[in-house]
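Please open the model in a viewer and keep the selection tool at hand. The tour proceeds by selection, with a note at each stop on what is found there.

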Amino acid sequence: MKHYHDIAGDGGSRILEQVAEQRDRITDGLAGVRHLVAVGSGKGGVGKSTLTRHLAGALRARGLRIAILDADFNGPSQARMAGIQGALFVPGSDKVPLPRTRDGIAVFSMGSLIPESEALEFESAARGESHTWRATKEFALLGEILGAFEWGALDLLLFDLPPGAERTVQYADFLGPRTSFLLVTIPSEVARGVVARSVAALSKRPNRLLGYVENMSGYYCRDCDAIKPLFAPSSGRGASPRRPPLRALGAPEPSDLGIPCLGTVPFDPELARHCDEGTPPGALDETPVGRALDEIAQRLLESVQ
């Protein structure tokens, strides 16, 4: 049996050349993008994708050129939220143009290519061994998407990351030090504990940690036009002081995560409805949720400068 150390160089596979060529294609494809921002958490179910879509809308409303890459290949949701399910990808003369939302945001999501009733599959002869190669194939696919699609001139490209603290770090390694990170949590000690692990892991990388957003910081009751508690006040160790819901809406606060808090966003059922229907969230502009997102978008812009 030949061992790893018996293989000279790349064993004739040209793998190093292929990796270098892919890196060049990615660099060329993203040359016109001013800022790369990955929206992650480590914890699932905290609203990363929803926040990404609506922050993109708030940034687009300021006249900025925005695109979203839905990097959650196994649970893509941006296609539905953007209203581009079933979009046609027609190759251009050089690269493939991206479909756009009604408010002009370019979006790539596997949800445009794979029906929600199907899962992403990779062909392999090694059945039952997907745990050994799945992540490698997913990152190879991400590289192909970055290199093959037309990202063009953008002010911000937002990456909607999958859950998992280790996955967040893997994306930091793959995307490189140019990419900044925005983390999302909810007012739960469980969620904050996982996000704290992501903060600890990312702090060892050269990537900038812009801060975090506390999502679902309350429940917006339209009948009484007030923010009501959605989670019970925490008395756990390390918990942040409980805030008066309305006074603190959207405002940054001291952080026990060790990174800046860019704001808080209450839950609004109307926001969820817009996501399900794939319609732009412009109708929420004058609501507490819309104002909170707009303020966070402004702080995000200030932090990436």
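## A buried charged pair

Glutamate 214 is buried, since its relative accessible area is 2%, and the limit for a buried residue is under 20%. The coordinates shown are those of a predicted model. With glutamate 214 still selected, add arginine 192: the two form a salt bridge in which the closest N and O atoms are 3.5 Å apart. Distant parts of the chain are linked by this pair, for glutamate 214 belongs to strand β6 (residues 209-221) and arginine 192 to helix α6 (residues 189-202), 22 residues apart. Arginine 192 is buried as well, with a relative accessible area of 5%.

## Strand β4 and the loop before β2

Select aspartate 155 next. Which residue is its salt-bridge partner? The partner is arginine 65, and the closest N and O atoms are 3.2 Å apart. Aspartate 155 is in strand β4 (residues 154-160), whereas arginine 65 is in the loop between α2 (48-60) and β2 (66-70); the pair therefore ties together parts that are 90 residues apart in sequence.

Colour the two residues by accessibility. Aspartate 155 is buried, at a relative accessible area of 9%, while arginine 65 counts as partly exposed at 38%. Now add arginine 34 to the selection: salt bridges with shared partners join Arg34, Arg65 and Asp155 into one network.

## From helix α1 to the loop before β3

Move to aspartate 28 and lysine 95. These residues form a salt bridge, with the closest N and O atoms 3.5 Å apart. Aspartate 28 lies in helix α1 (residues 15-29) and lysine 95 in the loop between α3 (78-82) and β3, so the pair ties together parts that are 67 residues apart in sequence.

Is each partner buried or exposed? Aspartate 28 is exposed, with a relative accessible area of 53%. Lysine 95, by contrast, is buried, with a relative accessible area of 13%.

In general, side chains of opposite charge can pair when their charged atoms come close. The count of salt bridges in this model comes to 16.

## The loop before α4

Select glutamate 129, which is placed in the loop between β3 (106-108) and α4 (130-148). Its relative accessibility is 36%, so glutamate 129 counts as partly exposed. Then draw a distance from its C-alpha to that of leucine 30: these two residues are 99 residues apart in sequence and 34 Å apart in space.

## The whole chain

Finally, clear the selection and show the protein as a cartoon. How many helices and strands are there? The protein has eight helices and eight strands. Its radius of gyration is 20 Å, close to the 19 Å that the globule rule gives for 305 residues, so the protein is as compact as a globular protein of that length. Along the principal axes, the C-alpha atoms fill a box of roughly 70 × 45 × 40 Å.

Switch to contacts and burial. Of the 305 residues, 49% count as buried. Among contacts with a separation of 6 or more, 76% are between residues 24 or more positions apart.

Lastly, display the surface. The accessible surface comes to about 14,900 Å², and 53% of it belongs to carbon and sulfur atoms. Colouring by charge picks out 34 positive and 37 negative side chains, and the centres of these two sets lie 4 Å apart.

Definitions and conventions:
Residues numbered from 1 in each chain as written. Predicted model: local features only at pLDDT ≥ 70, side-chain atom pairs only at ≥ 80, totals over all residues. Heavy atoms only, no water. Helix = DSSP H or I, 4+ residues; strand = E, 2+ residues; numbered from the N terminus. Rg over C-alpha atoms; globule rule 2.2 N^0.38 Å. Buried < 20%, exposed > 50% of the residue type's maximum accessible area, 1.4 Å probe, protein only. Contact = heavy atoms within 4.5 Å. Areas by Shrake-Rupley, 256 points an atom, 1.4 Å probe, with all protein chains shown as cover. Lys, Arg positive; Asp, Glu negative; His and termini not counted. Charge placed at Lys NZ, Arg CZ, Asp CG, Glu CD. Salt bridge = Lys/Arg side-chain N within 4 Å of Asp/Glu carboxyl O.
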